Amino acid sequence: MNLKDRLLERIKGFDVVDAHEHLAPERERVKLEPDVCFLFSHYLTGSLAAAGFTVEGRRLDRAGVREFLLDTSKPVEERFGALEPYIPAVRYTSYAEAMWRTLEEIYGFQDITRDNFMDITEAMRGANTQGIYDRIIRDKCRIRFSLTQAGRTDYERPFMVPVLNFVLLIEFPEGRRTVEERAGKLGMEVHTLDDYMDYCRAQLRKWRDEERVVGMKTVSQPYEEPVSDSDARGLFAKLMSCGRLEEGDYHLLSVYLREKVLAMCGEEDLTVAVHAGVWDDFRRLDPKHNIPLVQKYPEVRFDIYHMGIPYVRDLAIMAGNWHNVYVNWCWTHIVSYYMTQSGIPEYLDFVPVDKITAFGGDYFMYAVEKVYGHLSMAQENVATALAMLVLHGRMTEDEAADVAKMWFWDNPIKIYNLDRLS
Ligand SMILES: [Zn+2]
């Protein structure tokens, strides 16, 4: 066996922390009636849209492709018929690679064709029964913790560990009604901004202590200096008296609250996860937007996602410059397998080895089986990159295995304080 394969073998023997998913509870997944189109429904929708996916003369965007593929009110034959011509264009993407690996290992098929798509559909439906999360996540992948951000905490299995989104505290879709509902659930009354800050702290503690929440997620956004406390009090008072705010005022209030909640997460020992890169006009999602926050809140742990693709090197420098910047390669291996693989040695060059998390599947429940395919790519990427360092004499084979174990297990346990859950 060659060096990379030996390392890969050892890595596959480690327990795994899956450090980011969007999985709803299993009881909702087993209610779905999956079919072959579901395999293309997450992320590959972006590749299909980029390939010009058109149905009945109408070109669909990413969300449109997803809606079309998941619309089980239309027969699978019809949806697959629209999909089939685009498979050749997307089949070599990393998103597709995770699918091919899953298809073979979970369902036993090598390819998707017009001759077998109904057989695949049958296999998927047959497997979509209670216990599917145990079988795929726990048994097949050896995942012991799956940090999942789906706006809820009501999971059946202890290995599903919630992370919640900042928007649950800093945005007010129904204006004052949202404030009242939130506070009411905790038996609190909120009239002023100061009351609302008390509510936010109580809510964070309840999520952490009673609902096993280990982190809060936000998204990179261009840095703006927040308004003063007194201006923020005025905005909140306006929200409570008028019931709603203008768009611009909502924005000012959310920028202000985002920093307050960020600081609270540091005080309450909750990790702040930050999406960076890739989507749409990715310039708005640049990891560098976080630099002012990282400096201003040294007690907050920032776990910045996705290698900041395409700002891979920028994020490496951030994590090597500041003690409170961590890196999380969730989603990363399926955005680009090779960009990630070539990034790994550069991160080792500059970032302390104990600040890196290697894997998070980043899938929705209708694509849960692809966690397997993604994990297999992540394990292979880490094995390949570390094998190169061994060949270059930078570490021994045993040290390489130790590093991989830190990345798949020890580091995320520490960064998200997962020890306190068991
Ligand atoms: Zn995500």
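Reader: In S5, which residue is the bridge partner of Thr-148?

Author: The partner of Thr-148 in S5 is Pro-162. Please keep in mind that this is a predicted model. The pair belongs to the contact between S4 and strand S5 (residues 160-165), which run parallel and are joined by 3 bridges. Thr-148 also serves on the other side of S4, where it is the bridge partner of Glu-21. That second pair belongs to S1 and S4, which pair in the parallel sense over 4 bridges.

Reader: In what order do the strands of the sheet stand?

Author: The sheet is open and has 8 strands, in the order S1-S4-S5-S6-S7-S8-S9-S10, with parallel pairing. Strand S1 (16-21) and strand S10 (356-360) stand at the edges; each has a single partner strand, so one side of each lacks a neighbour in the sheet. From one strand to the next, the twist averages 25°.

Reader: How should I read the side chains of a strand such as S5: which residues lie on one side and which on the other?

Author: The general idea is that in a regular strand the side chains alternate between the two faces of the sheet. In S5, Met-160, Pro-162 and Leu-164 lie on one side, while Val-161, Val-163 and Asn-165 lie on the other, and all are buried. Since 6 of the 6 residues of S5 are buried, this strand is largely enclosed by the rest of the structure. S4 is mostly covered as well, with 5 of its 6 residues buried.

Reader: What joins S5 to S6, and S6 to S7?

Author: S5 and S6 pair in the parallel sense over 3 bridges, and Leu-164 stands opposite Met-216 in S6. Strand S6 (residues 215-219) is then joined to strand S7 (residues 271-275) by 5 bridges, and these two run parallel. Within that pairing, Val-219 has His-275 as its bridge partner in S7.

Reader: Which helices pack on these strands?

Author: Two may be described. Helix H14 (residues 247-267) lies across S6, S7 and strand S8 (302-305), and runs at about 150° to S6. Helix H20 (residues 397-415) packs on the sheet and touches S1, strand S4 (143-148), S7, S8, strand S9 (325-330) and S10. The direction of H20 makes about 105° with that of S10.

Reader: Which residues of helix H11 are buried?

Author: A general rule helps here: an α-helix has 3.6 residues a turn, so residues three or four places apart point the same way. In helix H11 (residues 176-185), the buried residues are Thr-178, Val-179, Arg-182 and Ala-183. They cover an arc of only 120° around the axis, which places them on the same side of H11. These buried residues pack against helix H10 (167-170), helix H12 (193-210) and helix H13 (229-242).

Reader: How is empty space found, and what lines the largest pocket?

Author: Rolling a probe the size of a water molecule over the atoms shows where empty space is left. The largest pocket holds about 630 Å³ of space. Its lining has 29 residues, of which Asn-165, Lys-217, Val-219, His-275 and Trp-279 lie nearest the centre. Helix H4 (62-70), H10, S6 and H14 are the elements that give two or more residues to this lining.

Reader: How many cavities of 30 Å³ or more are found?

Author: The search of the whole structure finds 1. About 60 Å³ of space lies in the largest cavity. The residues lining the largest cavity include Gln-221, Tyr-223, Arg-258 and Leu-293. H14 gives the largest share of this lining, 3 residues.

Reader: Where does the backbone take a positive phi or a cis peptide bond?

Author: Most residues other than glycine have a negative phi, and most peptide bonds are trans. Asp-269 has a phi near 60° and is placed in the loop between H14 and S7. Asp-269 is partly exposed, with a relative accessible area of 35%. Asn-417, in the segment after H20, has a phi near 55° and is partly exposed, with a relative accessible area of 23%. Gly-187, just after H11, takes a positive phi of about 65°. The peptide bond from Ile-309 to Pro-310 is cis, with omega near 10°. Pro-310 is found in the loop between S8 and helix H16 (312-321).

Terms used
Residues numbered from 1 in each chain as written. Predicted model: local features only at pLDDT ≥ 70, side-chain atom pairs only at ≥ 80, totals over all residues. Heavy atoms only, no water. Buried < 20%, exposed > 50% of the residue type's maximum accessible area, 1.4 Å probe, protein only. Arc of directions from axis to C-beta. Contact = heavy atoms within 4.5 Å. Pairing = 2+ DSSP bridges. Axes fitted to C-alpha atoms, helices over the stretch in contact; angles between N-to-C directions. 1 Å grid on protein atoms, 1.4 Å probe; cavity = no way out; pocket = protein on both sides within 12 Å on 5 of 7 lines; lining within 4 Å. Points joined across faces, edges and corners; volume = space filled by probe spheres on them.
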